[in-house]
Amino acid sequence: MLNEPVDVLIIGSGHAGGMAAKVLCEKGVNCLMLNAGPVADVGRHTQRKAPYELPFRGFKPPGKLEHVFQASEYNTNVWVDEQEVPYTFAPQNPYNWVRVRLFGGRSLFWSRQSFRLSDYEFKGKSHDGFGEDWPINHAELSPYYSRVEDIFQVYGAKDGPPQMPDGNFVLDNEPWSESMQRFIAAGKPLGVTVCKQRTARGRDGLASSVNLLIPDAERTGKLTSVSNAIVREITVDKNTGQPNGVHFIDRLSHREMEVKARVIVLAAGTLESTRLLLNSKLANSSGLVGRYLCDQIYGAGVTCSVPEARNGRATPRLMGGGAIVPRFRNITSKDPRFLRGYALNVTSRAGGLEPRNFAAYGAELQRKLDEYHGSAFYMTLMGEVLARYENHVRINPDVTDAWGIPVLHVETKYTDNEFAMAKDAVETGSQMAHDAGFEVLSSNVVPNPPGYSIHEVGTCRMHDDPKKGVVNRWNQSHDHKNLFIVDGAAFTSAGWQNPTMTISALSMRASEHLAGEMTKLNV
């Protein structure tokens with residue numbers, strides 16, 4: 001099979017790669033998909049064990065997953081081992097790179113928040129003068145967003161302001177709880193809008209590539225998938241200078257192989273796609289591959305208690321539900337403290353509060369936990385990180401992974417803009433909580449390190465000018481007409497929104513364009 005050239009080679013099997021496979025195969029294009037990890041078989045590969053049966057009693061094995069905050073000894077096999085596939089950074093500027101090499105990638109684990117970017121993101125430079133505009137706008141991507149929302153069965157209400165465009169939703173008509181109603185009322189004098197969350201329901205308990213996208217591609221008979229295939233480099237035709245395939249390594253046997261392809265679609269995830277391009281020395285006439293790394297700031301937030309719900313008085317009418325406060329800064333007026341804006345994820349929950357919220361221990365702490373149980377109200381930050389040239393990744397030639405491939409060095413840090421944004425978010429959230437009659441138990445204005453949001457984007461940004469971007473408006477390399485980058489690397493700016501819907505919509509749009517260009521023999 002690998003001796004025969006393929007029409008399209010797709011590297012990666014997450015939302016971006018799965019969408020590309022679905023669209024291209026349904027258009028009649030023969031595709032080969034390579035994924036660096038195995039197919040997950042939950043029935044075969046899981047065991048039930050008590051903490052005392054495990055070497056580290058359920059905690060993370062030292063060194064393996066230092067920067068994966070979700071990791072524990074129970075799920076270490078899910079995440080990429082940082083000893084096996086390391087990356088480097090300066091100690092004073094840590095970076096959290098969370099990676100999954102199972103078939104389906106991080107689509108198996110995302111939070112399912114499902115937002116569109118608005119023209120405040122697509123045309124950010126036109127609005128405030130910073131950075132670059134995307135070459136596309138919301139109107140151009142809206143039909144694709146609608147189709148993606150239908151596939152993922154996005155549940156939400158059509159209550160968004162212009163900075164949070166409404167979409168093709170399974171309508172959420174559930175009433176707000178009383179605690180949420182009080183929070184909504186507290187926001188109105190401040191010009192803060194509170195909206196229903198927008199969440200992908202998916203199907204059969206999953207909203208992933210492996211159950212919503214790849215099966216459609218497989219039903220066409222046009223998709224061949226290879227697991228445990230670690231791509232070393234993209235190869236180039238000596239006569240044309242254009243990509244013509246890849247060298248890859250079997251993860252288990254370390255056997256070296258290659259495959260030829262008419263078109264390469266990169267969908268390995270922002271930083272893995274960038275690493276592959278840098279190691280292959282491709283698509284970089286602009287010098288911008290790896291530049292403008294950005295994400296969202298997470299970690300800052302406010303924890304409150306609803307007094308009426310304490311001492312066992314919580315009811316479903318009083319407590320419960322989630323909300324999103326979409327960006328409200330720098331919309332109709334300019335804030336002097338920072339550019340762009342942030343959102344707040346809001347949760348009213350009738351469960352327990354964490355012990356860290358109370359300055360007590362022993363019997364006094366237990367009394368507090370019992371009293372406050374059922375009264376939790378949380379606000380957490382999701383803020384835009386500006387795309388800056390100096391925030392970048394590059395190859396570290398002195399360090400290689402378990403297969404001898406040079407690794408990435410990440411050089412990025414947050415600036416005063418992000419810290420001012422986090423401070424304002426906590427101050428505004430605390431004021432709203434006070435005005436709603438809640439007790440603020442704790443707050444944190446310091447964001448977690450870059451990468452913590454797991455929303456890294458921007459290192460192969462989209463721009464009409466080949467000197468200012470890596471791909472064009474169709475996610476097509478300016479340098480190589482048969483190379484497409486359809487994951488988050490193509491983002492021109494991050495926005496405050498979870499990027500999954502935008503990645504999926506861009507991949508759908510790019511793949512339809514590619515299929516048309518192949519039919520016309522332009523690619």
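Modeller: Let's begin with the word "pair": two strands pair if DSSP finds at least two bridges between them. Helices (H or I, at least four residues) and strands (E, at least two) are themselves DSSP runs, numbered from the N terminus. This is a predicted model, in which local features need pLDDT of at least 70 and side-chain atom pairs count only at pLDDT 80 or more, while totals for chains, interfaces and linings use all residues. Residues are numbered from 1 along each chain as its sequence is written, and side-chain values use heavy atoms, with hydrogens and water left out.

Colleague: Happy with that. How many bridges join strand 15 to strand 16?

Modeller: There are 8 bridges between strand 15 (residues 342-349) and strand 16, and the two run antiparallel. To find the register, look at Arg349, whose bridge partner in strand 16 is Ala376.

Colleague: And how many bridges join strand 13 to strand 16?

Modeller: Strand 13 (residues 301-305) is joined to strand 16 by 5 bridges, in the antiparallel sense. Here Thr303 has Tyr378 of strand 16 as its bridge partner. Strand 12 (residues 296-297) also runs antiparallel to strand 16, with 2 bridges, and Gln296 faces Glu384 in that pairing.

Colleague: How many residues of strand 16 are buried?

Modeller: A residue is called buried under 20% relative accessible area, exposed over 50%, and partly exposed in between, with a 1.4 Å probe and protein chains only. Strand 16 (residues 376-384) is mostly covered, with 8 of its 9 residues buried. For the protein chain, buried residues make up 58% of the 523.

Colleague: Let's try a hairpin. How many residues lie between strand 17 and strand 18?

Modeller: The hairpin has 5 residues between its two strands, and Gly404 in the turn has a positive phi of about 80 degrees. Strand 17 (residues 392-400) and strand 18 (residues 406-411) are antiparallel and share 6 bridges. You can follow the register from His392, which stands opposite Glu411, to Val393, whose bridge partner is Val410.

Colleague: What order do the strands have in the open sheet with strand 18?

Modeller: The order is 3-18-17, an open sheet of 3 strands with mixed pairing. Its edges are strand 3 (88-89) and strand 17, each pairing on one side only. Another open sheet of 3 strands reads 5-4-7, again with mixed pairing. There the edge strands, pairing on one side only, are strand 5 (170-171) and strand 7 (199-200). Strand 4 (residues 154-156) and strand 5 are parallel over 2 bridges, with Tyr155 opposite Val170.

Colleague: Now loops. Is Asn35 buried or exposed?

Modeller: Asn35 has a relative accessible area of 6%, so it is buried. It sits in the loop between strand 2 (31-34) and helix 2 (42-45). Contact means heavy atoms within 4.5 Å. Leaving out residues up to four places away in sequence, Asn35 touches several residues, including Gly12, Arg101, Phe103 and Asn228. The C-alpha atom of Asn35 is 37 Å from that of Gly160, which is 125 residues apart along the chain.

Colleague: Where is Ala489 found?

Modeller: Ala489 belongs to the loop between strand 20 (483-485) and helix 12 (500-519). Its relative accessibility is 0%, so Ala489 counts as buried. Beyond four places in sequence, Ala489 touches residues among them Thr270, Thr274 and Cys460. Ala489 and Tyr361, 128 residues apart along the chain, have C-alpha atoms separated by 47 Å.

Colleague: Zooming out, what radius of gyration does the protein chain have?

Modeller: The radius is taken over C-alpha atoms, and the globule rule is 2.2 Å times the number of residues to the power 0.38. The protein chain has 23 Å, which agrees with the value near 24 Å for a compact globule of 523 residues. The C-alpha trace spans about 75 × 55 × 45 Å along its principal axes. The protein chain contains 12 helices and 20 strands. Of its contacts with a separation of 6 or more, 71% come from residues 24 or more positions apart.
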